[in-house]
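This briefing is meant for a reader who is meeting the structure for the first time. Please keep the sequence and the model in view while going through the points, which are grouped by topic.

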Amino acid sequence: MAQPRVGSENGLTRLVFSLPNTAKFSLSRQGNELSIRFQGTPSRSLRALLNTPQVVGYRATPNPGGTVYVVTLKPGTNHRTMELADPRRLVLEVRSNTGVQPRPRAGPPTPVVVLDPGHGGVDPGAIGFVREEEVVLDVALRTKRLLEARGIRVLLTRSTDQHLSADKVADLGLRAAMADSKRTLFVSIHANASGRAAQGIEVYYFGETIDQRLLSKAILENGGGSLGQRLTQEARSVAQRLMRDLLAQANLKFSEQLALKTLQAMVRETGAVSRGVQTAPFYVIRNARIPAILVEIGFVNHPTEGKRLATSTYRDQLARGLAGGIVAFLNNGNAQR
């Protein structure tokens, strides 16, 4: 048994498993996961992300005497299996349910973008030539106006210099709760500070890292001190769990694409240094059910960039870049609804 052959057509996805003549198999389904237990087959460890309209992907793990394949189905699907001979093979067909017709729409659904200006209220964030809490809120408000002019609905986690809760864990939790499946994408906006002359824009999506610099940054954005260390460790545990979840992996792939398009647009608009797209265990995007990123728009204490962050002209450029990246992602059909 190697990887199954996969085809997608006419509202169905078909997986075909080649079977040795002596192999036995059994099937069971729990929720959106269909388990196929093969006995008398070579033991395999495989993983594949398909992302067809009916199937997210599958993973295979060794089992005593054989292999267990777990196929992750998308909601609103049904399946059937057939065993064929000459040569022997198992065919799994997954179809979209057609019994319940969706209500007709006048047009495509309106995207809903959540912008999260970091910090605020009791937590000013980084301080230099500008205060992080102030500059990220201003950029978020400017971005909101640009997106709304394109017919995109925008929600802000905060619209004034305020915190969502004086308790940092509760504050981050309330922000993170807005990244649910009723929205289209989530962007948390922050600004950097550094003990050395660093500058530029960097974008993160959720994931594990062994880079100590990125861990230190995550600890700082997650509340700092012992609290930041604890929340970062919790987020790292989530990251390790997500790597075993095919649905989460699909969402992280979309988040990576959103991060890339956002960074490209922001660097193009501002001429700033590109510090790249990376993964880090930020607590605020750890449980996002939609594409989610964290953007560091610049260094508030850099002698040049910090002063630029204080100007209306540069904030407009940052907002145009941020809005441009979001629109490019939405227009490319990547957002999950």
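**Briefing on the predicted model**

Strands E3 and E4 pair with each other in the antiparallel sense, over 7 bridges. The model is a predicted one, and the points below follow its paired strands, its aromatic rings, one of its helices and its enclosed cavities.

**Strands E3 and E4**

- Within the pairing of these two strands, Arg29 has Leu34 in E4 as its bridge partner.
- The hairpin of E3 and E4 has 2 residues between the strands, and Gly31 takes a positive phi near 65 degrees there.
- Strand E4 has two unlike faces, since Leu34, Ile36 and Phe38 make up a covered one, whereas Glu33, Ser35, Arg37 and Gln39 make up an uncovered one.

**Strand E7 and its neighbours**

- Strand E7 pairs with E4 in the antiparallel sense over 7 bridges, and with E6, also in the antiparallel sense, over 8 bridges.
- On the E4 side, Phe38 stands opposite Thr67 in E7, while Arg37 has Val68 in E7 as its bridge partner.
- On the E6 side, Gly57 stands opposite Thr72 in E7, and in the hairpin of E6 and E7, with 2 residues between the strands, Gly65 takes a positive phi near 85 degrees.
- E7 is mostly covered, with 8 of its 8 residues buried.
- Gly66, Val68, Val70 and Thr72 point one way from E7, Thr67, Tyr69, Val71 and Leu73 point the other way, and all of them are buried.

**Aromatic rings**

- A search of the whole structure finds 5 aromatic pairs.
- One of them is formed by Phe25 and Phe38, whose rings are tilted, with 6.3 Å from centre to centre and 50 degrees between the planes.
- Because Phe25 lies in strand E3 (residues 24-30) and Phe38 in strand E4 (residues 33-39), this pair ties together parts that are 13 residues apart in sequence.
- Phe25 has a relative accessible area of 25% and is therefore partly exposed, whereas Phe38 has a relative accessible area of 0% and is therefore buried.
- Tyr58 and Tyr69 form another aromatic pair that is tilted, with 6.1 Å from centre to centre and 45 degrees between the planes.
- That pair links distant parts of the chain, with Tyr58 in strand E6 (residues 55-63) and Tyr69 in strand E7 (residues 66-73), 11 residues apart.
- Tyr58 and Tyr69 are both buried.
- Ring pairs link Phe17, Phe25, Phe38, Tyr58 and Tyr69 into a cluster.

**Helix H1 and the loop after it**

- Helix H1 (residues 132-148) has 17 residues, which at 1.5 Å a residue should span 24 Å, and its end C-alpha atoms are 24 Å apart, so the expected and the modelled spans agree.
- Several residues of H1 are buried, including Glu132, Val136, Leu137, Val139, Ala140 and Leu147.
- Arg150 is found in the loop between H1 and strand E11 (153-156), and with a relative accessibility of 59% Arg150 counts as exposed.
- Although Arg150 and Ala323 are 173 residues apart in sequence, their C-alpha atoms are 9.8 Å apart in space.

**Cavities**

- The structure holds 2 cavities of 30 Å³ or more.
- About 40 Å³ of space lies in the largest cavity, and its lining consists of Asp116, Gly118, His119, Lys168, Leu172, Arg175, Ser188, His190, Glu221 and Val284.
- Helix H2 (168-176) and strand E12 (185-192) each supply at least two residues of that lining, and the largest share, 3 residues, comes from H2.
- By class, the lining of the largest cavity divides into 2 nonpolar, 4 polar and 4 charged residues.
- The second largest cavity has a volume of about 30 Å³, and the residues that line it are Leu172, His190, Glu221, Asn222, Phe282, Tyr283, Val284 and Leu294.
- The lining of the second largest cavity has 5 nonpolar, 2 polar and 1 charged residues.
- Leu172, His190, Glu221 and Val284 appear in the linings of both cavities.

Notes. Residues numbered from 1 in each chain as written. Predicted model: local features only at pLDDT ≥ 70, side-chain atom pairs only at ≥ 80, totals over all residues. Heavy atoms only, no water. Phe/Tyr/Trp six-rings, centres within 6.5 Å; stacked < 30°, edge-to-face > 60°. Helix = DSSP H or I, 4+ residues; strand = E, 2+ residues; numbered from the N terminus. Buried < 20%, exposed > 50% of the residue type's maximum accessible area, 1.4 Å probe, protein only. 1 Å grid on protein atoms, 1.4 Å probe; cavity = no way out; pocket = protein on both sides within 12 Å on 5 of 7 lines; lining within 4 Å. Points joined across faces, edges and corners; volume = space filled by probe spheres on them. Nonpolar A, V, L, I, M, F, W, Y, C, P; charged D, E, K, R; others polar. Pairing = 2+ DSSP bridges. Expected span 1.5 Å × (residues − 1).
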